[in-house]
Amino acid sequence: MRSETRRAVSAWALVLSVAAAGAARAEEKAQATPPVASVGAEGKAEEPKTPADPPKLTAGAEGFVMQSASGDYRLQLRGYVQFDGRFFPSDEGRLAVDNFLLRRVRPIFGGTLGRHFEFQIMPDFGVGTTVLQDAWLEVNYSPKARVRVGKFKSPVGLERLQSATTLSFVERAYPTAIVPNRDVGVMLHGDLAGGVLAYAAGVFDGAPDGGSVDLDTNDGKDVAGRLFLSPFKRGKSALKGLGFGIAGTTGKQSGALPAYRSGGQVSLLTIASGIAADGTRNRLSPQLSFYSGPLGLMAEYAWSESWVKKASTGTRAQFRGEAWQATATFTVTGEPASYSGVRPREGFEPGQGKWGALELAARVNGLEIGTEAFEEGIVDPAKSVRKAFAWAVGLNWYLSRNIKQVVDFERTTFTGGAEGGADRPAENAFFIRTQVSF
């Protein structure tokens with residue numbers, strides 16, 4: 001871990017230790033000091049004042065919490081670490097590297113400031129870099145209408161909006177490469193009719209496909225919105241876990257084009273020199289999920305189209321990408337499947353015959369780049385694929401609510417992407433992940 005990472009973690013540990021020690025001393029003092037009767041202005045003894053309730057300190061599977069007696073002021077420390085391995089047994093093109101890595105290292109500081117204000121700060125120290133992933137403040141007066149400002153996930157992709165700790169596979173599917181990741185802006189969102197309809201609408205700087213931004217480089221902004229309907233959520237129907245919706249963005253942007261990657265995180269596109277976004281960019285993403293008992297299903301499609309400009313000639317052309325995915329999971333040990341992940345009924349205690357929860361996963365997904373990108377010279381055809389199709393199988397072992405072990409295999413075939421118009425060799429990838437979260 002880099003020196004600045006160690007200093008940041010040490011500083012936060014010191015802050016939390018001092019706060020906890022101060023709260024403990026305050027509690028001891030309040031309990032040790034007996035109430036003393038005071039004398040009023042008329043010489044009469046008044047009832048002793050009861051000391052204020054001390055702050056509450058708790059620790060559990062959901063993290064470490066310090067809050068006021070009323071609960072209006074609350075600080076929670078959470079986080080997760082993902083240790084990954086990627087192995088490519090038949091890398092004919094020698095494009096991938098077998099490696100171990102810390103994919104994500106994310107401490108999460110969140111809480112409330114008074115009854116109606118929530119905040120979250122989440123840096124990431126994974127893969128040898130330091131990035132601020134989340135930093136937002138939310139006004140939460142009613143679940144029907146909440147306002148969030150700062151940097152956070154744009155309300156578009158179904159799998160993108162899932163926490164990285166609850167993913168069915170080590171890497172997300174191709175539609176996540178089409179929709180934006182984290183953006184800076186302001187968003188109104190909420191749940192109506194008891195959660196039957198979830199909505200979100202916001203104005204953002206405008207992140208590229210699959211990317212995030214911290215600082216805008218142009219005056220253009222993106223408008224993003226999402227509607228997600230769960231029509232049977234409040235009943236006892238067999239379709240109670242069915243949800244479907246649509247999301248999208250639109251705006252005028254300039255600057256860098258997206259960098260699409262395979263499941264093994266190998267680049268799929270090489271943009272020609274002097275090409276940049278210049279004009280309207282639209283995205284659309286219909287999506288669906290269904291959970292019933294141990295069975296989980298997720299499907300989504302994503303489409304992105306933007307105008308680009310060639311610096312050498314000043315001509316403009318369209319760049320288009322589209323992707324889809326379908327994922328199925330089944331909890332062998334019988335725990336309910338859900339969008340927020342599997343919660344094992346019993347933790348890992350082999351001496352007592354308890355082994356946690358076991359989940360099987362299967363997925364197909366694909367990506368296609370519009371023909372205009374090749375016809376207009378936007379990408380290098382010898383290094384850019386026209387299509388990618390992948391299938392994957394996986395096993396997820398939840399040893400407890402805090403420990404998860406993942407093993408995946410994914411095979412991806414490509415159309416184009418090699419010299420002379422030939423197809424890039426298939427990518428066969430094994431993934432392992434050990435995840436600690438709290």
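A cavity here is a set of grid points where a 1.4 Å probe fits but cannot get out, and its lining residues have an atom within 4 Å of a point. Keep that in mind for the stops on enclosed space. The model you have open is a predicted one.

**Whole chain first**

Start with everything shown as cartoon. You should find 3 helices and 22 strands. Colour by burial and 42% of the 438 residues come up as buried. Switch to a surface: about 21,700 Å² is accessible, and carbon and sulfur atoms own 60% of that. If you like contact maps, take the contacts with a separation of 6 or more; 61% of them link residues 24 or more positions apart.

**Stop 1: the largest cavity**

The structure has 4 cavities of 30 Å³ or more. Go to the largest, which holds about 160 Å³ of space. Select Gln162, Ser168, Tyr291, Thr329 and Ser338, the residues nearest the centre among the 18 that line this cavity. Now add the strands β15 (295-310), β16 (316-331) and β19, each of which gives two or more residues to the lining. Which of the elements gives the most to the lining of the largest cavity? That's β15, with 3 residues. Colour the lining by class and you get 7 nonpolar, 8 polar and 3 charged residues.

**Stop 2: the second largest cavity**

Next, the second largest cavity, with about 130 Å³ of space. Pick Asp91, Leu95, Pro425, Ala426 and Glu427, the closest to its centre of the 16 lining residues. By class, this lining splits into 8 nonpolar, 4 polar and 4 charged.

**Stop 3: an open pocket**

Leave the enclosed spaces and look for the second largest pocket, whose volume is about 900 Å³. Its lining runs to 39 residues, and the ones to select for its centre are Arg103, Arg160, Asn181, Gly210 and Gln265. Then show β6 (99-113), β8 (131-142), β9 (145-153), α2 (175-178) and β19 (357-369), each of which supplies at least two lining residues. The largest share, 3 residues, comes from β6. How many residues of each class line the second largest pocket? There are 16 charged, 12 polar and 11 nonpolar.

**Stop 4: Gln265 and Val127**

While you're at the pocket, stay with Gln265, one of the residues closest to its centre. Gln265 sits in the loop between β13 (242-255) and β14 (275-292). Check the backbone: phi is near 65 degrees, positive in a residue other than glycine. Most residues other than glycine have a negative phi. Gln265 counts as partly exposed because its relative accessibility is 26%, and that class lies between 20% and 50%.

For another positive phi, jump to Val127. Here phi is about 45 degrees, again not in a glycine. Val127 belongs to the loop between β7 (117-124) and β8. Its 46% relative accessibility makes Val127 partly exposed too.

**Stop 5: Glu159**

Select Glu159, in the loop between β9 and α2. Is Glu159 buried or exposed? With relative accessibility at 4%, Glu159 is buried, since the cut-off is under 20%. To see what surrounds this side of the loop, leave aside neighbours within four places in sequence and show the contacts of Glu159: Leu167, Arg172, Ala173, Thr176, Met298, Glu300, Gln325 and Arg363.

**Stop 6: following β5**

Finish on the strands around β5 (residues 73-87), starting from its pairing with β4 (residues 63-67), which is antiparallel over 4 bridges. Put Met66 and Leu75 on as sticks; they stand opposite each other, with Leu75 in β5. This hairpin has 5 residues between the strands, and there Gly71 takes a positive phi near 85 degrees.

Now bring in β6, which pairs with β5 in the antiparallel sense over 14 bridges. Arg78 faces Ile108 of β6 as its opposite number. This is the β6 you met at the pocket, where it supplied 3 lining residues.

What else is joined to β5, and by how many bridges? Strand β22 (residues 427-437) is, running antiparallel with 8 bridges. Select Tyr80 and Ser437 to see one of the places where the strands meet: Tyr80 stands opposite Ser437 in β22. As you step along any of these strands, remember that side chains in a regular strand alternate between the two faces of the sheet.

Note on methods. Residues numbered from 1 in each chain as written. Predicted model: local features only at pLDDT ≥ 70, side-chain atom pairs only at ≥ 80, totals over all residues. Heavy atoms only, no water. 1 Å grid on protein atoms, 1.4 Å probe; cavity = no way out; pocket = protein on both sides within 12 Å on 5 of 7 lines; lining within 4 Å. Points joined across faces, edges and corners; volume = space filled by probe spheres on them. Nonpolar A, V, L, I, M, F, W, Y, C, P; charged D, E, K, R; others polar. Buried < 20%, exposed > 50% of the residue type's maximum accessible area, 1.4 Å probe, protein only. Contact = heavy atoms within 4.5 Å. Pairing = 2+ DSSP bridges. Areas by Shrake-Rupley, 256 points an atom, 1.4 Å probe, with all protein chains shown as cover.
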